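This report walks through a protein chain and its ligand, from the overall division of the chain to single residues. Please keep the sequence and the model open while reading.

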Amino acid sequence: MKLLLIAEYRDGKLLSGYTELLGFAEKMGAESVMFLAGNDGALPKYDGKLYLADAAVCGEYNPDLHKKLIMEIVAKEQPDMVVVSHSSYGWDLAPRVAYAMKAAQVSEVVEVKDNMMVVPVCNSKLRRTVKCNTGQTVVTLQAGAFSTVESGGSPAVENIVVDGEGRIVFTGYEEAESGGVDLSKAEIIVSAGRGIGKPENVAMIADLAKALGGEYGASRPVVDSEWVEHNRQVGTTGQTVAPKLYVACGISGAIQHLAGMKKSEFVVAVNTDKDAPIGEVADVLVVADLKLFIPLLKEKVAAL
Ligand SMILES: Cc1cc2nc3c(=O)[nH]c(=O)nc-3n(C[C@H](O)[C@H](O)[C@H](O)COP(=O)(O)OP(=O)(O)OC[C@H]3O[C@@H](n4cnc5c(N)ncnc54)[C@H](O)[C@@H]3O)c2cc1C
């Protein structure tokens, strides 16, 4: 099996997501080639063949133009799969490439089982296993779902150029309004999940965070319910954090949440369900009702 991996460049920098694409290739037991619209000053650590398009000419974010380049590589390499991160660039690029290839697209892959892809459904409450009937497939990978792999060496670079201008004019990136707290700098984070039950219980989580000298965060359902403001959301559509201590309270451990906190040094989870997936990444899993446990813990911490 052969994969065409699409590396990503933003604001003149190579994004590390390509290492997860390599993790996916390893999991599939597949050989790969890679495409990057970037420049030779920041190349991926990769032992294989890299098709490099100059971002100064074709833009670093121009999915329409990049599709043309990718289609040239597809014609030459005949990959079984084109693989890109489930990022805004990936969302924009993958359907264009899939349509041009007349290939099936599988979005937001979180796992591979028996060489078939597993994707979340029903807001990640369920998962389904997908087998494609088209010979070639375009796939986007959920951030954090596959382990990172760096193949170490320097790639064999083949420069490629594109004819024409494409139909998209890229005008620039716009920083999301962060406002409020910057959780990415916090050393201790206590996060509230849906398990807190009602908005009044956010105070309990905030109190523990304060007693520990940290900040409080939240999972997406808590933010969607407007119990906590969005700048405190942790996960793929919130902030990415890497504190020394992360306390997950009433959080099940969905892949989109884990992607935002998996770089935490030490993880404590409080959950009534001993089999909650958060237990797989937690250093300590406290099986308890958080409404009883968190106030007791806060009392102990305050007494130190
Ligand atoms: C495109 C997309 C992007 C997403 N982005 C994000 C994101 O950025 N961040 C994010 O968090 N999610 C995100 N999600 C949602 C994600 O898939 C999950 O739905 C979400 O993380 C679940 O939140 P939760 O763990 O708080 O709730 P649940 O999954 O409902 O889990 C609640 C947990 O609380 C436990 N519990 C219940 N009562 C108690 C109690 N009294 N004491 C202790 N434990 C208790 C339960 O056992 C359960 O494990 C995204 C989803 C999609 C589709």
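Asp 11 is a convenient place to begin: with 9 other C-beta atoms within 10 Å, Asp 11 is exposed. In this predicted model, the residue sits in the loop between strand S2 (9-10) and strand S3 (13-14), and Asp 11 has a positive phi of about 50 degrees although it is not a glycine. Gln 78 also has a positive phi of about 50 degrees without being a glycine; its place is the loop between helix H3 (63-77) and strand S6 (81-85). Gln 78 has 11 other C-beta atoms within 10 Å and is exposed, because a residue with 12 or fewer such neighbours counts as exposed.

A further loop residue is Val 169, located between strand S12 (156-160) and strand S13 (188-192). Although Val 169 is 110 residues from Gly 59 along the chain, the C-alpha atoms of the two are separated by 9.1 Å. Val 169 counts as exposed, having 9 C-beta neighbours inside 10 Å. The three loop residues are set side by side below.

| Residue | Loop between | C-beta atoms within 10 Å |
|---|---|---|
| Asp 11 | S2 (9-10) and S3 (13-14) | 9 other C-beta atoms |
| Gln 78 | H3 (63-77) and S6 (81-85) | 11 other C-beta atoms |
| Val 169 | S12 (156-160) and S13 (188-192) | 9 C-beta neighbours |

On the scale of the whole protein, the chain is divided into domain 1 (2-160) and domain 2 (183-303). The centres of domain 1 and domain 2, taken over C-alpha atoms, are separated by 32 Å. Six residues of domain 1 are in contact with seven residues of domain 2, and the side of domain 1 that touches domain 2 divides into three nonpolar residues, three polar residues and no charged ones.

Turning to the interior, the largest nonpolar core has 84 residues, and those with the most contacts inside it are Leu 5, Val 82, Val 83 and Cys 249. Helix H4 (residues 88-101) gives the most to this core, contributing six residues. Where does this core lie with respect to domain 1 and domain 2? Both domain 1 (2-160) and domain 2 (183-303) give residues to the core, so it lies between them. For Val 83, if neighbours within four places in sequence are left aside, the contacts are Leu 3, Leu 4, Leu 5, Ile 6, Leu 21, Phe 24, Val 139 and Leu 141.

Cys 249 belongs to strand S15 (residues 245-249), a strand that is mostly covered, with four of its five residues buried. Five bridges join S13 to S15, and these two strands run parallel; within this pairing, Ala 192 stands opposite Cys 249 in S15. S15 is also joined to S16 by five bridges, again in a parallel arrangement, and the bridge partner of Leu 245 in S16 is Phe 266.

The ligand completes the picture. Of the 29 residues around the ligand, Ser 124, Gly 193, Gly 195, Gly 235 and Ser 252 come nearest. Two or more residues of this shell are given by each of helix H6 (220-224), helix H7 (255-261), strand S16 (266-271) and helix H8 (290-303), so strand S16, by the cited list, is among the elements around the ligand as defined by DSSP runs. The largest share, three residues, comes from H7. By residue class, the shell divides into seven nonpolar, 17 polar and five charged residues.

Methods
Residues numbered from 1 in each chain as written. Predicted model: local features only at pLDDT ≥ 70, side-chain atom pairs only at ≥ 80, totals over all residues. Near = placed C-beta within 6 Å. Nonpolar A, V, L, I, M, F, W, Y, C, P; charged D, E, K, R; others polar. Buried ≥ 20, exposed ≤ 12 C-beta atoms within 10 Å, placed from the backbone. Core = buried A, V, L, I, M, F, W, Y, C linked by C-beta atoms within 7 Å. Domains from an automatic or database assignment. Contact = placed C-beta atoms within 7 Å. Pairing = 2+ DSSP bridges.
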